[in-house]
Amino acid sequence: MKHKNWFIYTSVMNALLANHPARVKHELPLVYGVELDFDPEGYHFCLTGFKKQIYFNVYGADSDEYIALYLSMDLEALLEKNGCRGNAFLVFQDDTKQIAVLFSRVRADAPNPYEMTDMITRHVQSYYARELIRGERRYLNSSSLVQDISGLDGARGAFKRARYLNDLSFFLTEGVVFTEETVAAWMGGADYPAVMDACHALERHVSLGDVPGAEAHLQTLMLDVLKRGFSMALVRDALSFLKSMLTVFATVYALEPAVDVETLCDGATYITIKECHGAFRGVVRGLANEARQRGTYQKPVMLAVYYVKTHYGDPGLSLTQIAEYALVNPNYLSGVFREQTGQTVRQCITRCRLDEACALLRSTGLKVSEIGVRVGFDSAKYFTRLFKNQFGVSPQAYRDGEETCSGHGATA
């Protein structure tokens, strides 16, 4: 490391990536005595190295250890050896501590920018293999390259483009160099309609209790459609759909969540698309098994049961409201609901209200009348009469005695 004060050097170089006026970016290196070895009028931007999500969360290296490892790489010497000159530094933005390399070719026989970036990628990986991952090959270093930048004020835009490209290592972990041209060539044309089609196919097979079909369609969604799409926006769209699907299924089948759905459906949880696929496999398999064992429902019925279970406290809850949520005609919903669940929509609403009343009677000190209001009855007398008709005892007798709410927690 040839720069005398590592902290000042790194701070000045990071300032080039910030949203400062061009005049400030030109003056800072002069004020602090930081030498720019690349040609500001013509250079290339490489972003490489593991993110903190990998080096710390997976391999347990703290910041001091990782900085020491980075300094031992001496990337500027690698550039000079191969006919280039430039500046390498750790990027502090968002605390990722990836490595930025700004370089220019100075010899006619120097590698082209793509080849030089590939050499940087392999050089960094060799240090990881020896000092950090020690032969474990779950993650390989990838780099991104933005070429032909002019002016120091172009560094921020180049960094943003390079970071976007580097994030695409989520889809490919083979230690590649990402450029805008290579990504365009790799993209398979997947778009939002294709992703939603794959999501709906997965949902349909889960609903049918088809475990092999559900697993196959999950693989298609994750490792075919999304992987070809090369778009984190499409990944977020798919995860949002899956979050809604999981929430509906868990509510309808009264399942205790085995995983935190928020974390499961947060793209930031995963380093690669393969990890995302692996996390969902067991969950999807479990839901399809539940559907097969407990009975399958058409989607309008699933949505209707979900809506009832999440809105039974509304005294005005009606078939029309529920059918509107399920996107079907009320008459159609009424018929198919009874056919598939063995009860009317009104009976389902009443049962959900009474089941919740049972829970509140045993777990709270609320008055019987207050419980009736909370679960959606506007008349305490009507609530008491329905409760006694259903369970054979009054709400107060149930609270005072050992009787149970037979069938408490039924699916629909």
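These questions and answers cover the core, the largest pocket, a strand pair and two buried residues of a predicted model.

In this predicted model, local features need pLDDT of at least 70 and side-chain atom pairs count only at pLDDT 80 or more, while totals for chains, interfaces and linings use all residues. Residues are numbered from 1 along each chain as its sequence is written, and side-chain values use heavy atoms, with hydrogens and water left out.

Student: Which helix gives the most to the largest nonpolar core?
Tutor: A nonpolar core is a set of buried Ala, Val, Leu, Ile, Met, Phe, Trp, Tyr and Cys residues joined through side-chain atoms within 4.5 Å. Buried means under 20% relative accessible area, exposed over 50%, partly exposed in between (1.4 Å probe, protein chains only). The largest such core has 139 residues, and Leu 75 and Phe 280 are among those with the most contacts inside it. With 11 residues, the top contributor is helix H11 (residues 232–252).

Student: Which element gives the most to the lining of the largest pocket?
Tutor: A pocket is an open set of points on a 1 Å grid over the protein atoms alone, where a 1.4 Å probe fits, with protein on both sides within 12 Å along at least five of seven lines; lining residues have an atom within 4 Å of a point. The largest pocket is lined by 34 residues. Helix H3 (52–55), helix H7 (155–167) and H11 each give two or more. The most, five residues, come from H7.

Student: Is Ile 271 buried or exposed?
Tutor: Ile 271 sits in the loop between helix H12 (261–264) and helix H13 (273–294). Contact means heavy atoms within 4.5 Å. Beyond neighbours within four places in sequence, Ile 271 contacts Gln 53, Ile 54, Val 58, Tyr 139 and Phe 170. Its relative accessibility is 13%, so Ile 271 counts as buried.

Student: What is the bridge partner of Arg 85 in S3?
Tutor: Helices (H or I, at least four residues) and strands (E, at least two) are DSSP runs, numbered from the N terminus. Two strands pair if DSSP finds at least two bridges between them. S2 (residues 84–90) and S3 (residues 99–105) pair in the antiparallel sense over seven bridges. Within S3, the partner of Arg 85 is Ser 104.

Student: At what relative accessibility does Ser 207 count as buried?
Tutor: Ser 207 is in helix H9 (residues 192–207). Leaving aside neighbours within four places in sequence, Ser 207 contacts Phe 249, Ala 291, Thr 296 and Tyr 297. Ser 207 counts as buried because its relative accessibility is 11%.
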